[in-house]
Amino acid sequence: MTARRLSTAALAAAAIVGAVALPASAADHARPDRPKVEISAVQYDSPGPEDRSRRSLNKEWVELTNTSRHTVNLDGWTLTNRDGRTYTFDHYRLEGRATVRIHTGEGRDTDSDLYMDRHNYVWDNYSDTATLRNDHGRFIDDASWGGRHHHGGHHHHGGHNH
């Protein structure tokens, strides 16, 4: 009978310690990073002559940074200017803690550089807003410059583009 009582007491003690230790250990660990992608920089004024050459168009860009540790699937996400010109991400995954630069002109997509394949400037030199939305159309982030700002998101300064 003593052995049975000891084992019952041990099980009860373990259950109490487990119940007490669980919330304490959960509180000690930070919550896992949620995927967070933000507009980290905008070069809206292509340096040098604005002659609509591939070189000039590709010096106009928006950078997105994944600030979490986890890869984010950007398939179907959009980057749009105030006039509604839109770039849609197609089969692209942004690694954790990585940055991708989306150029206006033409080029070959890589992990760190994507191209809109446009023949005209997208971002206005004087006033515009770059808006990032996920594949469900939900607002993720924006960057504004110049006069009329939309949402209260990030206000990045990089140049002045068409």
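This note goes through the predicted model point by point, from the overall make-up to two sheets and two single residues.

1. Basis. The model is predicted; local features need pLDDT of at least 70, side-chain atom pairs count only at pLDDT 80 or more, and totals for chains, interfaces and linings use all residues. Residues are numbered from 1 along each chain as its sequence is written, and side-chain values use heavy atoms, with hydrogens and water left out.

2. Overall make-up. The protein chain has 2 helices and 10 strands, where helices (H or I, at least four residues) and strands (E, at least two) are DSSP runs numbered from the N terminus. Read from the N terminus, the order of elements is α-β-α-β-β-β-β-β-β-β-β-β.

3. Burial, surface and contacts. Of the 162 residues in the protein chain, 35% are buried; buried means under 20% relative accessible area, exposed over 50%, and partly exposed in between, with a 1.4 Å probe and protein chains only. The chain exposes about 9800 Å², and carbon and sulfur atoms supply 52% of that area. Accessible areas come from the Shrake-Rupley method with a 1.4 Å probe, and for residues only the protein chains shown count as cover. Among contacts (heavy atoms within 4.5 Å) with a separation of 6 or more, 57% involve residues 24 or more positions apart.

4. The antiparallel sheet. Four strands form an open sheet in the order E5-E4-E9-E10, with antiparallel pairing. Strand E5 (86–88) and E10 are the edge strands; each has a single partner strand, so one side of each lacks a neighbour in the sheet. Neighbouring strands here are turned by 15 degrees against each other on average, direction ignored. For such angles, axes are lines fitted to C-alpha atoms, for helices over the stretch in contact, and angles run from 0 to 180 degrees between N-to-C directions.

5. Strand E9. In strand E9 (residues 128–133), 5 of the 6 residues are buried, so the strand is largely enclosed by the rest of the structure. E9 pairs with strand E4 (residues 78–80) in the antiparallel sense over 3 bridges; two strands pair if DSSP finds at least two bridges between them. In this pairing Thr78 stands opposite Arg133, and Thr80 stands opposite Thr131.

6. The E9–E10 hairpin. E9 also pairs with strand E10 (residues 139–145), antiparallel, over 6 bridges. Asp128 of E9 faces Trp145 in E10. The two strands form a hairpin with 5 residues between them, and Gly137 in the turn has a positive phi of about 80 degrees.

7. The mixed sheet. Another open sheet of 4 strands has the order E1-E2-E7-E8, with mixed pairing. Its edges are strand E1 (37–43) and E8, each with a single partner strand, so one side of each is left without a neighbour in the sheet. The twist averages 25 degrees from one strand to the next. Strand E2 (residues 61–66) and E7 run antiparallel and are joined by 5 bridges, whereas E7 and strand E8 (residues 113–115) pair in the parallel sense over 3 bridges.

8. His103 in E7. His103 lies in strand E7 (residues 99–103) and is buried, with a relative accessible area of 8%. On the E2 side, Trp61 stands opposite His103; in E8, Tyr115 stands opposite His103. Arg101 has Asp113 as its bridge partner in E8. Leaving aside neighbours within four places in sequence, His103 is in contact with Asn58, Glu60, Trp61, Asp113, Leu114, Tyr115 and Met116. Both bridge partners of His103, Trp61 and Tyr115, are thus included in that contact list.

9. Asp83 in the E4–E5 loop. Asp83 lies in the loop between E4 and E5 and counts as exposed, at 63% relative accessibility. The side chains of Asp83 and Arg85 are joined by a polar contact of 3.4 Å. A polar contact is a pair of N or O atoms within 3.5 Å; within protein, one must be able to donate a hydrogen and the other to accept it, and residues adjacent in sequence count only if both atoms are side-chain atoms. Asp83 and Thr129 are 46 residues apart along the chain, and their C-alpha atoms are separated by 9.1 Å.
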